[in-house]
Amino acid sequence: MRTRSTPKQNHLLAALPAADFARLAPQLELVPLALGAVIYESDGEQAHVYFPTSGIVSLLYVMNDGAAAEIAVVGNEGMVGISLFMGGGTTPSRAVVQSVGRAYRLDAAQIKVEFARGGALQRLLLRYTQALITQMTQTAVCNRHHQLEQQLCRWLLLSLDRLPSSELVMTQQLIANMLGVRREGVTEAAGRLQADGLISYRRGRINVLDRAKLEERVCECYGVVRRESDRLFASHAAIAA
Amino acid sequence: MSATASSAANNPKDNHLLAALSGDSLAALLPYLEGVQLPLGMVVYESGGAQRYVYFPTSSIVSLLYVLANGSSAEIAVTGNEGLVGISLFMGGETTPSRAVVQSAGWGYRLRGEVLRKEFESGGALQHLLLRYTQALITQMTQTAVCNRHHAVDQQLCRWLLLSLDRLPGDELVMTQELIANMLGVRREGVTEAAGKLQAEGLIRYSRGHIKVLDRKQLEARVCECYGVVKKEYDRLLPEIGARLH
């Protein structure tokens with residue numbers, strides 16, 4: 001069963017004033033986000049920006065020895081490819097599709113032209129970047145101070161915020177890669193959450209059974225990110241004006 | 001050296017971002033740039049707090065950190081003479097959950113937020129410079145996330161020392177172990193031990209809060225890849241600044 005995709009399923013695009021959206025829409029190309037697809041490689045050229053309508057893209061850094069650490073997640077609340085308007089063009093991190101979905105993509109040259117117009121789109125993209133920065137910096141804090149179980153909760157909640165249902169399709173190995181820990185640690189932490197009735201985890205499918213409890217269990221890092229996102233986008237009308 | 005610099009010696013061009021501005025851009029800002037002393041521990045902005053100014057350190061270091069509910073902290077990034085403090089003033093957020101604190105006393109310049117914003121919004125070279133700077137800062141922050149996940153205290157200490165020294169005019173840092181421990185989010189004993197090892201091997205000299213790097217090359221060999229990633233990005237994104245650094 002395929003549901004129709006429209007650009008306004010991405011919150012950033014939906015927040016644009018009518019005239020800006022009308023100008024952008026014909027240039028947006030709908031593309032699939034296949035599980036595991038590399039949207040851009042570390043220091044690799046980026047030909048497009050992506051506005052997901054469904055699915056999740058993970059921004060992560062892969063070290064010389066192959067170990068990884070996820071920095072942030074992007075879903076239908078955001079976009080992938082900020083370095084195209086921030087001016088770097090590339091970034092040392094890698095963007096990988098972590099949960100299957102679709103996105104509208106815009107040519108690199110076009111996003112630069114649109115950004116340079118100033119106005120609503122520029123303001124929106126900069127605010128989004130600031131929200132993304134908060135997510136990234138909170139990951140730094142969380143990685144220093146909090147336990148794996150809380151980090152798993154944070155990761156689950158951030159992912160869930162970007163998905164339409166309470167189900168995640170994800171192997172423990174993949175989660176371990178994202179969190180930069182050993183798989184056994186994830187198995188243990190997930191096991192505890194399951195035993196306490198917060199999630200059910202079977203054959204790569206995680207179902208969140210008690211979101212409220214998950215939000216109680218998680219460290220403060222989730223709340224910080226969530227509140228900042230909400231705050232920065234509460235005034236969409238103000239941005240668009 | 002930095003702590004005793006006088007106001008007479010303070011010069012906007014001692015901040016590399018300001019020095020990289022075109023003549024016109026700098027001329028537009030110059031009348032509004034105020035030389036300020038940045039004493040140790042000064043809170044440049046509080047978490048969620050209003051930010052009226054952006055700051056351009058010239059001989060000081062400002063730490064961006066997050067303070068947890070239980071009072072412990074974790075540093076997210078350091079800013080010194082290569083950059084500015086207060087990006088949310090042009091990124092549009094106006095506030096941020098992190099706190100900015102002067103970690104190494106010295107001097108700098110401050111500029112009213114609305115003045116910078118006006119220049120920023122006119123597009124052009126200043127805007128591009130500030131955005132590239134912000135991207136470099138993002139790389140520093142994300143690398144901190146990675147480093148905190150994967151690397152041990154001694155490598156983190158090396159990274160932090162190198163990043164700080166890159167952002168000061170001399171080759172010496174004035175810093176207590178307690179403060180470093182707060183920045184790294186670890187126990188003081190961990191810092192004492194790590195610093196002791198570096199000293200024993202002749203990489204640094206650490207006495208009475210003064211840290212002097214004796215063997216920079218070895219320090220760069222010892223540090224995790226995280227330092228190199230950040231440095232490479234700063235040099236790449238801000239070539240006009242990289243050319244000025246030692």
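Begin by selecting strand 7 (residues 199-202) and strand 8 (residues 205-208) of chain A, which run antiparallel and are joined by four bridges. The model on display is a predicted one. Within this pair, Tyr201(A) stands opposite Ile206(A) of strand 8 of chain A. The two strands of chain A form a hairpin with two residues between them. In the turn, select Arg203(A), whose phi is positive at about 45°.

**Helix 7 of chain A**

Remain in chain A and select helix 7, residues 172-179. Which of the residues of helix 7 are buried? They are Ile175(A), Ala176(A), Asn177(A), Met178(A) and Leu179(A). To see what covers these buried residues, add strand 3 (48-62), strand 4 (68-74), helix 6 (148-160) and helix 8 (183-195) of chain A, which are included in the cover. Helix 7 of chain A is followed by Gly180(A), where phi is again positive, near 70°.

**Chain B as a whole**

Now display chain B alone. Its secondary structure comprises eleven helices and ten strands. The radius of gyration of chain B is 17 Å, close to the 18 Å that the globule rule gives for 246 residues, so chain B is as compact as a globular protein of that length. Oriented along its principal axes, the C-alpha trace of chain B spans about 50 × 40 × 30 Å. Colouring by burial would mark 53% of the 246 residues of chain B as buried. Of the contacts in chain B between residues at least 6 apart in sequence, 77% join residues at least 24 apart.

**The two domains of chain B**

Colour chain B by its domain assignment, which gives domain 1 (2-148 + 238-242) and domain 2 (151-233). The centres of domain 1 and domain 2 of chain B, taken over C-alpha atoms, are separated by 22 Å. Domain 1 of chain B brings 24 residues to the contact, and domain 2 of chain B brings 23 residues. On the side of domain 1 that touches domain 2, the elements giving two or more residues are strand 4 (61-67), strand 5, strand 6 and helix 5 of chain B. Helix 5 of chain B supplies the largest share of that side, six residues. By class, this side of domain 1 of chain B divides into eight nonpolar, 13 polar and three charged residues.

**Where the chains meet**

Restore chain A to the view and select the interface: 35 residues of chain B are in contact with 34 residues of chain A. On the chain B side, strand 5 (73-79), helix 3, helix 5 (124-150) and helix 10 (225-237) are the elements that give two or more residues. Which element of chain B gives the largest share of this side? Helix 5 of chain B does, with 15 residues. The side of chain B that touches chain A has 14 nonpolar, 16 polar and five charged residues.

**The nonpolar core**

Next, select Val57(A), Met136(A), Met141(B) and Leu161(B), the residues with the most contacts inside the largest nonpolar core. That core has 157 residues. Centre the view on Leu161(B): leaving out residues up to four places away in sequence, Leu161(B) touches Ile211(B), Val213(B) and Leu219(B).

**Two loop residues of chain B with positive phi**

Move to Glu94(B), in the loop between helix 3 (88-91) and strand 6 (99-104) of chain B. The phi of Glu94(B) is near 70°, a positive value in a residue other than glycine. Most residues other than glycine have a negative phi. Is Glu94(B) partly exposed or buried? Glu94(B) is partly exposed, because 17 other C-beta atoms lie within 10 Å, whereas a buried residue needs 20 or more. Setting aside neighbours within four places in sequence, Glu94(B) is in contact with Gln51(B), Ser88(B) and Leu89(B). A distance drawn from Glu94(B) to Gly113(B), C-alpha to C-alpha, comes to 9.4 Å, for two residues 19 apart in sequence.

The tour ends at Arg208(B), in the loop between strand 9 (204-207) and strand 10 (210-213) of chain B. Its phi is near 50°, also a positive value in a residue other than glycine. Arg208(B) counts as exposed because it has 6 C-beta neighbours inside 10 Å, and the limit for an exposed residue is 12 or fewer.

Note on methods. Residues are numbered from 1 along each chain as its sequence is written. Chains are lettered from A and ligands numbered from 1 in the order in which they are written. This is a predicted model: local features need pLDDT of at least 70, side-chain atom pairs count only at pLDDT 80 or more; totals for chains, interfaces and linings use all residues. A nonpolar core is a set of buried Ala, Val, Leu, Ile, Met, Phe, Trp, Tyr and Cys residues joined through C-beta atoms within 7 Å. Two residues are in contact if their C-beta atoms, placed from the backbone, lie within 7 Å. The radius of gyration is taken over C-alpha atoms; the globule rule is 2.2 Å times the number of residues to the power 0.38. Ala, Val, Leu, Ile, Met, Phe, Trp, Tyr, Cys and Pro count as nonpolar, Asp, Glu, Lys and Arg as charged, and the others, Gly among them, as polar. Domain bounds come from an automatic or database domain assignment. Two strands pair if DSSP finds at least two bridges between them.
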